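Work through the exercises below with the sequence and the model in view. Each task is followed by a solution in steps.

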Amino acid sequence: MEIIVAPLVVSVISSVLALMIVVVDGIVNNYGEVEIDINDGKKKLKVKGGAPLLQTLSSTGIFVPSACGGRGSCGACKVKVLSDVGPHLPTELPYMSKDEIKENIRLACQIKLKKDIKIYLPEELFNIRKFKGIVENLKDVTYDIKEVRIRLVEPNEINFKAGQYVQLVIPPYENIKEPTQRAYSISSSPSDKNHIELLIRLVPGGIATTYVHKYMKEGDVVEVVGPFGEFYMRDTNADMIMVAGGSGMAPIKSIILDMWERGITDRNVWYFFGARSKRDLYYVELFQELEKKWPRFHFIPALSEPLPEDDWKGEVGLITNVLDKYLSSVIPTDNSKEGYLCGSPGMINACIQVFDKHGIKDVYYDKFA
Amino acid sequence: MMYPNINPLVLFFASIFTSNILLTNFLGMCSFISISKDLKSSNGLGIAVTLVMTITTALNWILERYVITPMELGYLRYIIYIIVIAAVVQVLEMIIDRVSPNLYMVLGIFLPLITVNCAILGVALFMQLRNYSFIQSVLFGLGSGIGWWLAIVLLAAIRKKTENAPVPAPLKGVGITLITIGIMAMAFIGFAGMINVQ
């Protein structure tokens with residue numbers, strides 16, 4: 001008898017307590033309708049109160065960047081709050097500088113919407129959407145880099161600046177139980193509004209790249225969120241010195257195609273692409289073709305370890321050495337210069353040192369981390 | 001049922017001073033030591049402990065009297081008490097968040113931590129062991145909570161002082177804190193003979 005009574009008593013007590021929690025939650029956490037006023041009335045949203053700001057915004061289609069998905073562990077979802085939502089929480093403080101605290105910058109995932117709120121968001125965030133698309137084409141551009149071309153279905157158009165990135169949503173597979181998001185630069189031109197092209201290099205053991213290389217098929221439905229990022233062509237007259245390695249090709253390709261299509265051909269562009277041997281090179285013909293039509297565009301592929309069978313006649317050496325050589329003796333020094341880098345953190349740091357040596361201070365980059 | 005013949009008010013004051021749950025039974029030590037570095041947090045935690053202790057002691061008394069004892073389920077006492085404590089903490093967290101956001105801010109992350117504070121469970125178990133009446137239990141819970149609150153605030157104040165005191169290097173931090181707690185405990189226990197609350 002006791003064997004039945006004991007679990008029954010514990011279950012009944014637990015159920016009553018759980019019911020109490022649910023009832024209290026229903027009454028206490030019912031904050032009714034709350035208004036989010038974005039950028040001084042530019043956009044006003046009527047939403048259900050009680051949930052964190054980050055979630056509420058994304059449910060209405062405004063995506064504030066967040067790498068941890070609202071767990072308060074990345075500090076990316078910073079939002080300027082113009083109305084009073086109480087002092088900073090202990091969970092927010094580690095991610096805030098003194099100035100940010102003074103300006104009432106908050107983590108959107110930590111603020112609960114309890115009453116009307118006024119916030120400021122950068123304009124470009126309004127542009128960020130979740131897109132549904134179909135994998136139209138999957139192509140091996142080298143032995144470990146795939147070109148993934150996605151046709152957008154819902155919405156079917158994207159507006160982005162060449163150089164920006166999107167987050168690809170990786171569905172659960174094998175032992176990966178949760179959907180994951182990874183950022184990839186868009187390699188297609190912004191004029192191709194119905195497509196997103198990504199260059200994805202296989203990282204051994206990588207959750208997303210393994211999925212793309214081993215499981216993704218043409219015709220698959222995928223989701224992307226974007227566009228994000230501050231890496232794009234600055235509107236100046238300076239010469240552009242671009243350096244990429246591996247799949248760092250993606251944003252640079254997009255920028256160069258965009259410049260060509262929009263007729264921005266009066267700027268000098270030097271594009272250095274570093275690879276180990278010939279099998280790591282790709283899109284070479286595309287850029288060599290462009291070089292012929294666009295006199296101010298220079299494409300310099302360089303191999304650090306060319307194989308004998310490569311029969312390589314181009315530049316040899318680490319990309320930093322080639323860059324240093326060109327900056328010292330080939331590229332005219334009369335005009336001001338801007339650096340654009342995309343690749344591994346090691347390559348970027350090494351290139352920044354070279355730029356520094358030649359007095360190039362305006363350097364923009366996208367680090368793969 | 002025979003309840004011990006102690007005036008509930010005596011029990012209340014005794015549990016604050018002479019039978020302080022922290023300094024005579026050494027329950028709830030981990031949060032006592034880790035949070036007492038900061039006066040404001042200590043205060044917040046003290047309030048939270050007091051609230052939870054009072055409410056859970058009352059609820060657990062009712063369950064003890066009408067469920068556990070009649071059904072002879074004494075071996076389930078721990079699990080039932082803990083479930084009640086966890087649920088009360090949850091509910092309290094929601095209510096405080098709604099009613100007083102400022103207090104909620106002060107309590108912050110400490111409120112959920114109270115679920116695993118052994119002083120809360122300790123008070124409930126003492127109340128059962130010593131066979132207190134409902135009023136005695138509630139005042140014992142409230143007094144123990146206030147006693148815990150008093151002890152942590154006092155310790156926080158002393159630690160503020162010892163921060164700049166010439167403490168020998170090996171004793172700095174937790175070392176001197178434990179010695180301080182020992183001396184505080186002696187001071188509190190010094191009055192223990194005045195009232196017998198067992």
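Helices (H or I, at least four residues) and strands (E, at least two) are DSSP runs, numbered from the N terminus. This is a predicted model, in which local features need pLDDT of at least 70 and side-chain atom pairs count only at pLDDT 80 or more, while totals for chains, interfaces and linings use all residues. Residues are numbered from 1 along each chain as its sequence is written, chains are lettered from A and ligands numbered from 1 in the order in which they are written, and side-chain values use heavy atoms, with hydrogens and water left out.

**Exercise 1. Place Lys112(A) in its surroundings.**

Step 1. Find the element: Lys112(A) is in the loop that lies between β4 and β5 of chain A.

Step 2. Judge the exposure. Buried means under 20% relative accessible area, exposed over 50%, and partly exposed in between (1.4 Å probe, protein chains only). Lys112(A) has 28% relative accessibility, so it counts as partly exposed.

Step 3. List the contacts, where contact means heavy atoms within 4.5 Å. Leaving out residues up to four places away in sequence, Lys112(A) touches Asn29(A), Tyr31(A), Gly50(A), Ala51(A), Pro52(A) and, from chain B, Asp97(B).

Step 4. Compare positions: Thr56(A) is 56 residues from Lys112(A) along the chain, and 9.5 Å separates their C-alpha atoms.

**Exercise 2. In what order do the five strands of the open sheet in chain A run?**

Step 1. Apply the pairing rule: two strands pair if DSSP finds at least two bridges between them.

Step 2. Read off the order, which is β2-β1-β5-β3-β4 with mixed pairing.

Step 3. Look at the edges. β2 (43-48) and β4 (105-107) of chain A each have a single partner strand, so one side of each is left without a neighbour in the sheet. From one strand to the next, the twist averages 40 degrees.

Step 4. Check one pair: β1 (residues 33-38) and β5 (residues 117-120) of chain A are parallel and share three bridges. In β5(A), Ile119(A) is the bridge partner of Ile38(A).

**Exercise 3. Trace the strands that pair with β11 (residues 221-228) of chain A.**

Step 1. Start with burial: six of the eight residues of β11(A) are buried.

Step 2. Take the partner β6 (residues 129-140) of chain A, which pairs with β11(A) in the antiparallel sense over six bridges. Gly133(A) is bridged to Val222(A), and Phe131(A) to Val224(A).

Step 3. Take the partner β8 (residues 165-170) of chain A, which runs antiparallel to β11(A) and is joined to it by four bridges. Here Val169(A) has Glu223(A) as its bridge partner.

Step 4. Continue from β6(A) to β7(A): the two pair in the antiparallel sense over eight bridges and form a hairpin with four residues between them. Lys139(A) is bridged to Glu147(A) in β7(A).

Step 5. Add helix α4 (residues 207-215) of chain A, whose buried residues include Tyr211(A) and His213(A). Among the elements that cover the buried residues of α4(A) are β7 (145-154), β8, β9 (180-185) and β10 (195-201) of chain A.

**Exercise 4. How do helix α1 (residues 2-28) of chain A and helix α5 (residues 77-99) of chain B pack?**

Step 1. Recall the description: two packed helices are described by the angle between their axes and the distance between the axes.

Step 2. Define the terms. Axes are lines fitted to C-alpha atoms, for helices over the stretch in contact, and angles run from 0 to 180 degrees between N-to-C directions. Angles under 35 degrees count as roughly parallel, over 145 as roughly antiparallel, 65 to 115 as roughly perpendicular and the rest as oblique.

Step 3. Apply them: the angle is about 5 degrees and the axes are 10 Å apart, which makes α1(A) roughly parallel to α5(B).

Step 4. Name some residues of the contact: α1(A) gives, among others, Ile13(A), Leu17(A) and Asp25(A), and α5(B) gives residues including Ile83(B), Gln90(B) and Arg98(B).

Step 5. Sort by type. Ala, Val, Leu, Ile, Met, Phe, Trp, Tyr, Cys and Pro count as nonpolar, Asp, Glu, Lys and Arg as charged, and the others, Gly among them, as polar. The contact of α1(A) with α5(B) has 17 nonpolar, two polar and two charged residues.
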